[in-house]
Amino acid sequence: MDAAALKQSWSLVAAHGDQVPLYFYSTLFLTHPETRQMFPTDMAGQRDRLVTALGHIVSHVDQVDRLVGFLQQLGADHRKFAVRAEHYPAIGEALLATVRHFLGEAWTDELARDWADAYGLVAQVMTEGAQAAEAVHPPWWVAEIVGHERRTFDVAVLTLRPQYLLPFTPGQSIGVSHPAVRSWRYYSPANAPRADGTLELHVRAAPGGAVSSRLVYGCAVGDRIHLAAPVGDRLTLWSAGSGDLLLLAGGTGWAPVKALVEQIAAEGSGRKVDLYVGARSRGEFYDSEAIDKLASSSPWLTVTYAVGSDFRRPGEVVHVVDRALADGDWRSRHVYVCGSDEMVGHAVTTLTEAGYHAGQLHHEGLGKHWYGPAWRTAVQQASAADISGGVR
């Protein structure tokens, strides 16, 4: 299997942009119409997610040993889309047909064999992951909404009660879907595990977001939604040991940070924690009552609010990371950053330039085109391995 040829061919295909997923899905649905039910009614939000992710992973198949755990988890996670073993050949056929179409005369018999072998290996590992997960947990949980509070125009706090226990670790994300919408969105619970099994979600309605808009504007107490198994470990506390922490949260990125603070409080570890919570305006601190309550009951926790804009300083933007760095030197601590891609990207860049090393910075991978943290993390790891001297 020529890994270099796979990567080069995928880069040529990806250069065609939106035409690639359009051709892929057209081919898949025409040749295997039974697969259409696995995807949202409105495909605008789906776009290039599946085909781009598959193409990227297949073209990095030379690193499959590093990606086995990710692919197994991905196979287990895709059960929530009703993906079964018999669907993988259909998806593979459409993927190879798409690559062949856009490569044109550059498509060779050797390349065809390499792509078929690479996809076959990926599909095998994902299938095995799905089969192993069958004995552990269901494709999804049904959960009842037992609390629904609109905190701002576009932010709601939901309390959910799954039909039976959904185990998770603070900092992980769970898939969320409404039965009327064949789409999934990932959210981090805003609480440490509770005795009654309930979960708290902080949801901001994203423009055009089918799931988030439904959760904020179209749901009420008593409604039922679907939850998928937790994924991701980059925001969990295990890798930070028992040292002191700096927590940076922006917007609804406060949710996983709140869960971490609750976990620290329950553990009674005695570590010192400084928390900076940022928002674009004072009115967007939608959970300040809970934040202040945690601060008043936790002597080891110091909370600072950072307002992004001030009418007294038009045009000036204050980033939460800049406020934290202005207040002190935190290079002896592990730093957790949660928020939008833009907020996290700026914070990580700023901290790196200030001398903080990658091992002490904890955040989910960036990228809005992936299904969730598992996609983003794996793709970043694959890219990093490639840049650092992988097979070319």
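1. A residue is called buried here when its relative accessible area is under 20%, and by that criterion 53% of the 392 residues of the protein chain count as buried. The model is a predicted one, and the points below should be read with that in mind.

2. As to overall make-up, the protein chain contains twelve helices and eleven strands. Among contacts in the protein chain with a separation of 6 or more, 74% are accounted for by residues that lie 24 or more positions apart. The chain exposes about 17700 Å², and 53% of that area is supplied by carbon and sulfur atoms.

3. Two helix pairs deserve a closer description. Two packed helices are described by the angle between their axes and the distance between the axes. For helix α2 (residues 19-31) and helix α5 (residues 87-103), the axes come within 9 Å and cross at roughly 135°, which makes α2 oblique to α5. The crossing in which α2 passes α5 is right-handed.

4. On the α2 side, the contact is made by Gln19, Val20, Tyr23, Phe24, Thr27 and Leu28, while α5 contributes Ala90, Ile91, Ala94, Leu95, Ala97, Thr98, His101 and Phe102. Sorted by class, the residues of this contact of α2 with α5 comprise ten nonpolar and four polar ones, with no charged residue.

5. The second pair consists of helix α4 (residues 64-77) and helix α6 (residues 109-133), whose axes are 7 Å apart and which pack at an angle of about 50°. α4 and α6 are therefore oblique to each other, and α4 passes α6 in a right-handed crossing.

6. In this second contact, Val64, Val68, Leu71, Gln72, Leu74, Gly75 and Ala76 of α4 meet Leu121, Val122, Val125, Met126, Gly129, Ala130 and Ala133 of α6. The contact of α4 with α6 divides into eleven nonpolar, three polar and no charged residues, with glycine counted among the polar residues in this classification.

7. Is serine 173, in the loop between β2 (155-162) and β3 (174-177), buried or exposed? Its relative accessible area is 3%, and because the cut-off for a buried residue is under 20%, serine 173 is classed as buried. Serine 173 and alanine 229 are 56 residues apart along the chain, yet their C-alpha atoms are separated by 8.4 Å.

Note on methods
Residues numbered from 1 in each chain as written. Predicted model: local features only at pLDDT ≥ 70, side-chain atom pairs only at ≥ 80, totals over all residues. Heavy atoms only, no water. Helix = DSSP H or I, 4+ residues; strand = E, 2+ residues; numbered from the N terminus. Buried < 20%, exposed > 50% of the residue type's maximum accessible area, 1.4 Å probe, protein only. Contact = heavy atoms within 4.5 Å. Areas by Shrake-Rupley, 256 points an atom, 1.4 Å probe, with all protein chains shown as cover. Axes fitted to C-alpha atoms, helices over the stretch in contact; angles between N-to-C directions. Parallel < 35°, antiparallel > 145°, perpendicular 65-115°, else oblique. Left-handed = near helix turned anticlockwise from the far one by under 90°.
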